[in-house]
Amino acid sequence: MTPLQYTIIQLLADGLFHSGERMARETGVSRAAVWKALQELRTLGVAVHAVSGRGYALAHSLELLDQSAILEHLPDSTRFVLEQFDVHRSVDSTNACLLRQANGHAVSACVAEHQNAGRGRRGRSWISPLGGNLYLSLRWRFDEGMGRLAGLSLAVAVAVIRTLQEFGIQDAALKWPNDVYWHGRKLGGILLEITGESAGPCLVVIGIGINVTMPAASGKDIDQPWVDLASIRAGISRNQLAGRLLHHLVEALLTFTQSGMSSFEQEWCAADLLLGREVILSQPGAEIRGIGRGIAPDGALLLEIAGQLQRYTYGEVSPRLLERPA
Ligand code: BTN
């Protein structure tokens, strides 16, 4: 995103109409340059309306991400754990940013207004239009190797559930291992990327995407039923959400480093979307059907198949419900 595009989005953030002429005056460029910048903002996923005689306006007002407004929602106990925290305007992927980060920080985090190559699980892309949603990543160094990471993605999912509960959303659910759903529609996703050695220190980058206000045009590119927070509960502040999510995430990582996933098991199970339901597991070349029976202490999925309990580990399979919940 260019500085001009950012200045224009700042002007439009109030949701009111602004004439092209006035924006040109305020930004010190020609009306043609303003018009071009507005076109480019549309390609980044911003819904800008034009009404002749009134000018340009966003579909709704917008709260831009702000570093200090985010950090004020972290108590000292988690804020001081973060060695670096950046707010980006546009990046390829917040996960990629932290994987590239060459400094030796053990714990750092970032958020972005826009991702032009947002990554989802299983090589899919994560639709990341400008200015409406939350794209947040946290990088954490584990000194004891990858063997200690079993169940980490479930602990992260619990941190997301705790955050949503704090905002009054009690009925979000988790589809193993860590998809966040609300009434059968996807609200958010979690992507863990790990580099390092299996026995030595390794770096984990935890990326979380939450649909906050998804423009309809971008939503059309999502290949499954989805929902955004704005349709569940109006008026949620993106900066507050980012701050509280970061707090719960850091707190969960501190607990996980100390004592593994046992302290998350109960909350994860309370949000388990697959529990007691008919589940289809897709494996390369095969489909398995069973009844969801929760998770094992290491975070593996438990399914009852022909009266036997079978376990499946992260990455092996992708479950879906036989019937979509109401
Ligand atoms: C999924 O497929 O469900 C996981 C989606 C994870 C998306 C987030 S958005 C922030 C971070 N940066 C990325 O490129 N991906 C993750």
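In the predicted model, a polar side-chain atom of Gln115 is placed 3.0 Å from a nitrogen atom of the ligand. Two backbone contacts accompany this side-chain contact. A backbone N or O atom of Arg119 lies 2.7 Å from an oxygen atom of the ligand, and a polar backbone atom of Arg121 is likewise 2.7 Å from an oxygen atom of the ligand. Taken alone, the ligand exposes 410 Å², of which the protein buries 97%. The surroundings of the ligand comprise 20 residues, and those that come nearest are Ser93, Gln115, Arg119, Arg121 and Lys186.

The domain assignment divides the protein into domain 1 (3-58), domain 2 (67-270) and domain 3 (274-321). The C-alpha centres of domain 1 and domain 3 are 50 Å apart. Because domain 2 and domain 3 both contribute residues to the lining of the largest pocket, this pocket lies between them.

The largest pocket holds about 900 Å³ of space. It is lined by 44 residues, and Arg124, Asp179, Tyr181, Lys186 and Gln224 are the closest to its centre. Lys186 thus belongs both to this central group and to the residues that come nearest to the ligand. By class, the lining residues comprise 17 nonpolar, 15 polar and twelve charged. At least two lining residues come from each of helix H6 (94-100), strand E5 (134-142), strand E7 (179-182), strand E8 (185-196), strand E9 (202-210) and strand E14 (318-321).

The second largest pocket contains about 240 Å³ of space. Its lining consists of 16 residues, with Ser61, Val212, Thr213, Ile236 and Arg238 closest to the centre. Six of the lining residues of the second largest pocket are nonpolar, seven are polar and three are charged.

Backbone geometry was also examined. Most residues other than glycine have a negative phi, and most peptide bonds are trans. Against this background, the peptide bond from Trp176 to Pro177 is cis, with omega near 0°. Pro177 is situated in the loop between strand E6 (172-175) and E7, and strand E7 is itself among the elements that supply residues to the lining of the largest pocket. Positive phi values occur at two residues that are not glycine, Arg122, with phi near 55°, and Ala306, with phi of about 50°. Arg122 is located in the loop between strand E4 (107-115) and E5, whereas Ala306 occupies the loop between strand E12 (301-305) and strand E13 (308-312).

Technical notes
Residues numbered from 1 in each chain as written. Predicted model: local features only at pLDDT ≥ 70, side-chain atom pairs only at ≥ 80, totals over all residues. Heavy atoms only, no water. 1 Å grid on protein atoms, 1.4 Å probe; cavity = no way out; pocket = protein on both sides within 12 Å on 5 of 7 lines; lining within 4 Å. Points joined across faces, edges and corners; volume = space filled by probe spheres on them. Helix = DSSP H or I, 4+ residues; strand = E, 2+ residues; numbered from the N terminus. Nonpolar A, V, L, I, M, F, W, Y, C, P; charged D, E, K, R; others polar. Domains from an automatic or database assignment. Near = heavy atom within 4 Å. Polar contact = N/O pair within 3.5 Å; in protein donor to acceptor, adjacent residues only side chain to side chain. Areas by Shrake-Rupley, 256 points an atom, 1.4 Å probe, with all protein chains shown as cover.
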